[in-house]
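Biologist: I would like to go through this model with you. Please keep each answer short and end on the value or name I ask for.

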Amino acid sequence: MFGYLKIEDNQLTADEYALFSAYYCGVCRATGKRASQMSRLGLSYDITFLALVLSSVCDTEIGMEKGRCVRHPIKPNDHISDSRATEYAADVGVMLSYLKLADDWHDSRSIKALFGMALLYRGYRKVRLAHESVFQIIKSQLDILSALEQSGCTSIDETADAFAKILEALFSPQLVSDGASKRALAWLGYNLGRWIYIMDAVCDLEQDVKTGSYNTFAAASITDKAMCADAVEESLTMTLGAIASAFELISFRRNRDMIGRIIYITLKEKQAYILLKEVNSDGPV
């Protein structure tokens with residue numbers, strides 16, 4: 001359910017794109033150090049965005065270093081270092097990856113999911129101990145979502161709400177001290193989670209229909225992607241509006257323009273592309 005915040009270089013300035021890449025590398029390195037090297041395979045742009053937003057709100061200084069890694073062995077890359085936000089994002093990213101695999105194993109007895117769980121288990125255990133309260137929120141909402149799916153729920157609002165509450169919690173952790181910004185971050189996270197879940201359901205509809213896997217729209221007898229897109233476009237646009245409204249209420253200490261471009265441009269273009277509106281075939285994927 002992640003990966004919908006893929007940033008294209010033409011959506012940010014050159015300096016902003018380089019900074020986002022540094023956050024991506026920073027979260028990746030933090031994941032390897034705090035969990036395990038195998039856990040780095042689950043890194044997503046969505047988790048990087050979480051790190052970027054939280055580090056831009058918190059009053060701690062942000063470090064920047066250069067270093068090589070397996071993916072970039074020749075040329076050293078910039079990466080964010082010594083950041084509580086990147087460490088937090090790394091930890092919750094590992095928990096989400098593991099629990100998603102566990103859910104896939106429970107639902108379909110996927111051998112691929114079981115193998116992935118084995119690879120991530122050691123790192124997952126380490127980060128869970130550091131964030132037990134966050135883990136309990138994620139687990140309880142995934143349990144609710146799983147129950148809705150098993151019951152054949154036909155309401156996209158119900159299933160999306162269960163997932164949205166996960167991001168609501170993740171975007172408003174204890175490391176954010178400003179109460180007003182924390183409440184706005186929770187609202188931003190909730191609506192981003194809702195948007196991601198619905199977008200994922202739209203994208204997976206045709207495949208889910210073929211395989212017989214659960215999909216809220218298929219459960220509601222909507223099996224045509226074009227019909228599905230028409231049904232959710234207005235709701236998704238309103239959700240983007242709620243994300244933007246929350247953004248305007250947050251007191252950022254840095255990177256406000258950059259985060260604004262991601263919210264106002266990246267999300268809008270991604271939605272348009274997936275719903276087959278406004279963006280041509282050369283647009284962002």
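**Cysteines, core and helices**

Modeller: Cys203 has a relative accessible area of 29%, so it counts as partly exposed. Keep in mind that this is a predicted model.

Biologist: How far is the sulfur of Cys203 from the closest cysteine sulfur?

Modeller: The closest cysteine sulfur belongs to Cys228. A disulfide needs the two sulfur atoms within 2.5 Å. This pair is too far for a bond, because the distance is 9.4 Å.

Biologist: Is Cys153 buried or exposed, and how far is its sulfur from the closest cysteine sulfur?

Modeller: Cys153 has 8% relative accessibility, so it counts as buried. The closest sulfur to that of Cys153 is again in Cys228, too far for a bond, at 14 Å.

Biologist: How many disulfides does the structure hold?

Modeller: Cys153 is too far from the sulfur of Cys228 for a bond. Cys203 is also too far from it. The number of disulfides in the structure is zero.

Biologist: Which helix gives the most to the largest nonpolar core?

Modeller: The largest nonpolar core has 89 residues. Those with the most contacts inside it are Phe49, Ile138, Leu170, Leu192, Trp195 and Phe217. The helix that gives the most to this core, with 12 residues, is H7.

Biologist: Which residues of H9 does Phe217 touch?

Modeller: Leave out residues up to four places away in sequence. Phe217 then touches residues including Ile156, Ile198, Ala201, Val202, Leu205 and Ile222. H9 covers 225-248. The contacts of Phe217 that fall in that range are Cys228 and Val232.

Biologist: Where is the kink in H9 centred?

Modeller: The end C-alpha atoms of H9 are 33 Å apart, and its 24 residues should span 34 Å, which agrees. H9 still has a kink of about 45 degrees. The residue at the centre of the kink is buried. It is Val232.

Biologist: What covers the buried residues of H9?

Modeller: The buried residues of H9 include Cys228, Ala229, Val232, Leu236 and Leu240. At the start of H9, a side-chain oxygen of Asp224 reaches to within 3.1 Å of the backbone nitrogen of Ala226. The cover over the buried residues includes H7, H8 and H10.

Biologist: At which residue does H10 bend?

Modeller: The 19 residues of H10 should span 27 Å, and its end C-alpha atoms are 26 Å apart, which agrees. Its buried residues pack against H1, H2, H7 and H9. H10 bends by about 25 degrees, at Ile262.

Biologist: Which residue just after H10 takes a positive phi?

Modeller: Two residues in loops have a positive phi of about 65 degrees without being glycines: Ser221 and Asn255. Ser221 is in the loop between H8 and H9, while Asn255 is in the loop between H9 and H10. Ser221 counts as exposed, at 61% relative accessibility. Just after H10, the residue with a positive phi of about 60 degrees is Leu276.

Biologist: Which backbone oxygen lies 3.3 Å from a polar side-chain atom of Thr159?

Modeller: Thr159 lies in H6. At 0% relative accessibility, Thr159 counts as buried. Leaving aside neighbours within four places in sequence, its contacts include Leu145, Cys153 and Tyr197. The backbone oxygen in question is that of Ile156.

Methods. Residues are numbered from 1 along each chain as its sequence is written. This is a predicted model: local features need pLDDT of at least 70, side-chain atom pairs count only at pLDDT 80 or more; totals for chains, interfaces and linings use all residues. Side-chain values use heavy atoms; hydrogens and water are left out. Helices (H or I, at least four residues) and strands (E, at least two) are DSSP runs, numbered from the N terminus. Buried means under 20% relative accessible area, exposed over 50%, partly exposed in between (1.4 Å probe, protein chains only). The expected span of a helix is 1.5 Å times one less than its number of residues. The bend at a residue is the angle between axes fitted to the seven residues ending there and the seven starting there. Contact means heavy atoms within 4.5 Å. A polar contact is a pair of N or O atoms within 3.5 Å; within protein, one must be able to donate a hydrogen and the other to accept it, and residues adjacent in sequence count only if both atoms are side-chain atoms. A nonpolar core is a set of buried Ala, Val, Leu, Ile, Met, Phe, Trp, Tyr and Cys residues joined through side-chain atoms within 4.5 Å.
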